[in-house]
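Hi,

Here's the structure I promised to pass on to you. Have a look at it first, then read my notes below.

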Amino acid sequence: MGSLDSPFPNSSEVQFHPLDPEEFRKQAHQTVDFIADYCKNIENYPVLSRVEPGYLRDCLPAAAPHEPETLETILNGVRNDIIPGMTNWLSPNFFAYFPATVSTAAFLGEMLCTSFNSVRFNWLASPAATELETIVMDWLAKLLKLPRSFMFRGTGGGLIRGTTSEAILCTLVAARDRALEKVGKDNIAKLVVYGSDQTHSTYTKACQIAGFLPSNIRSIPTLADTDFSLDPVQVMRAMKADVEAGLMPVYVCATVGTTSSTAVDPVKDLADVAERFDTWLHVDAAYAGSACICPEFRQYLDGVERADSVSISPHKWLLTYLDCCCLWVKKPSLLAKGLSIDPEYLRNKPSESKSVVDYKDWQVGVGRRFRALRLWLVLRSHGVANLQTHIWSDVRMAKALEALVAADPRFEIVVPRRFSLVCFRLNPPGKFDSVDELNRKLLDSINSTGRVYMTHTIVGGVYLLRFAVGATVTEERHVDAAWKLIKEKADALVGKI
Ligand SMILES: *Cc1c(COP(=O)(O)O)cnc(C)c1O
């Protein structure tokens with residue numbers, strides 16, 4: 001038993017330097033080599049991991065080591081125990097969900113971000129971090145041709161959050177509080193929010209976290225005839241009915257590029273409805289927003305100038321690594337109303353002068369990472385020209401796949417392709433009882449090879465396969481090989497053409 005007077009070994013016995021610069025240099029170089037090798041060999045790994053649930057418990061000891069282990073030993077553990085359990089999102093044969101894109105520039109930005117470790121809840125806690133974020137948000141806004149009302153150069157502003165989920169939650173809170181000011185704090189049960197049956201599932205979750213009653217979250221059904229987009233007439237009808245029932249419409253979430261099928265909601269027409277009922281309009285362009293840096297795709301954001309907020313996630317299609325979701329709002333003061341905190345220990349002159357942005361008041365948490373560095377490096381290091389080329393190249397590959405699918409009479413394109421997602425299914429003429437079951441089998445047989453990873457969805461009651469082009473290192477040959485594999489598996493299921 002140690003005595004209370006001498007609970008710790010004395011300092012001369014302890015040699016522990018968690019951040020020794022020379023040791024850091026050596027180990028970081030080793031790790032970079034490890035990562036570069038992983039990237040180089042990425043095609044040798046199965047895309048979809050094949051481990052069974054709980055596999056890692058059998059590989060690792062039951063307790064943390066008491067004595068330090070070497071980096072070599074640890075990296076061997078990553079190679080032998082961790083990588084087999086990874087679904088390799090960096091693989092050029094990853095066509096599932098929406099790919100999360102990466103680049104050397106973003107990786108280096110992340111290294112810098114980590115190295116400063118600035119927590120910077122307010123301006124003073126790292127002025128450069130806040131100022132760079134405001135500048136980069138304006139740069140990206142300009143690139144997307146957002147009006148000045150969303151920019152710091154104008155009357156709005158933007159910030160970087162981890163995910164769309166949080167971006168939506170913050171705007172819901174702002175819209176909620178604006179409404180509660182009118183109808184009184186006790187009347188939250190009267191507030192109604194709107195989206196479609198294609199709005200991302202995180203929306204419903206955010207609405208519930210923000211305190212909206214589940215029975216007041218309207219999910220408007222979409223139809224194949226309108227490519228599964230949110231119908232403004234239906235929204236208008238729903239709002240009218242709600243007002244007549246004594247409820248109060250407060251928020252509409254429009255999506256540009258839905259997750260299932262990249263449907264685009266008509267933002268302009270929804271803005272008409274939102275204005276008429278004085279509701280908040282948010283535009284969720286998590287995936288497709290990145291494409292809007294190209295002139296031919298910008299039209300999909302038309303009407304955004306009349307929205308209250310818009311979010312896009314460059315970690316999906318703009319090479320920034322997870323996580324980087326950009327949210328712009330027209331009235332930052334409305335965010336701050338519901339989200340600001342002012343404890344004594346964070347008080348300082350610049351904040352009190354109101355001449356600075358304190359991002360803690362625009363978000364859920366207090367501390368925040370310096371994610372702007374990543375986006376800044378991506379924009380500078382690649383330049384707009386390369387970023388556009390990158391989008392075009394993915395779209396071209398998706399178009400090529402779409403043409404191959406369309407040319408095979410056993411397959412059909414289920415919804416028209418807009419960006420780099422192809423939605424299709426096997427539907428050979430006449431012979432098969434359950435087309436859904438057939439496609440389930442086809443997907444399983446493709447994914448179980450480990451050579452390609454695709455996912456599925458159901459829209460309008462139709463089970464379909466999603467082929468999302470866009471992993472950073474995907475080339476035409478990967479798409480061609482994937483199509484060859486899809487055809488082989490279809491041959492085995494339904495016979496050749
Ligand atoms: C991916 C996606 C989301 C979820 O994004 P997170 O950033 O992971 O929360 C939300 N909406 C749309 C349209 C998406 O494509």
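Before we start, one bit of vocabulary: two strands count as paired if DSSP finds at least two bridges between them. Also keep in mind that this is a predicted model.

With that in hand, take strand 10 and strand 11 (residues 462–468): they pair in the antiparallel sense, over five bridges. If you want a spot to zoom in on, Ile458 sits opposite Tyr463 in strand 11.

Now zoom out a little. Those strands belong to an open sheet of four strands, in the order 8-9-11-10, with antiparallel pairing. Strand 8 (411–415) and strand 10 (455–459) are at the edges with a single partner strand each, so one side of each has no neighbour in the sheet. From one strand to the next, the twist averages 45°.

What lies across this sheet? Helix 14 (residues 372–407) lies across strand 8, strand 9 (421–426) and strand 11, and it runs at about 15° to strand 9.

Next stop, strand 1. Strand 1 (residues 157–161) pairs with strand 7 (residues 325–329), again in the antiparallel sense and over five bridges. Here, Arg161 stands opposite Cys325 in strand 7.

How many of the five residues of strand 1 are buried? Five of the five, so to speak: the strand is mostly covered. In a regular strand, side chains alternate between the two faces of the sheet. You can follow that here: Gly157, Leu159 and Arg161 point one way, Gly158 and Ile160 point the other way, and all are buried.

Have fun exploring!

How values were computed: Residues numbered from 1 in each chain as written. Predicted model: local features only at pLDDT ≥ 70, side-chain atom pairs only at ≥ 80, totals over all residues. Helix = DSSP H or I, 4+ residues; strand = E, 2+ residues; numbered from the N terminus. Axes fitted to C-alpha atoms, helices over the stretch in contact; angles between N-to-C directions. Contact = placed C-beta atoms within 7 Å. Buried ≥ 20, exposed ≤ 12 C-beta atoms within 10 Å, placed from the backbone.
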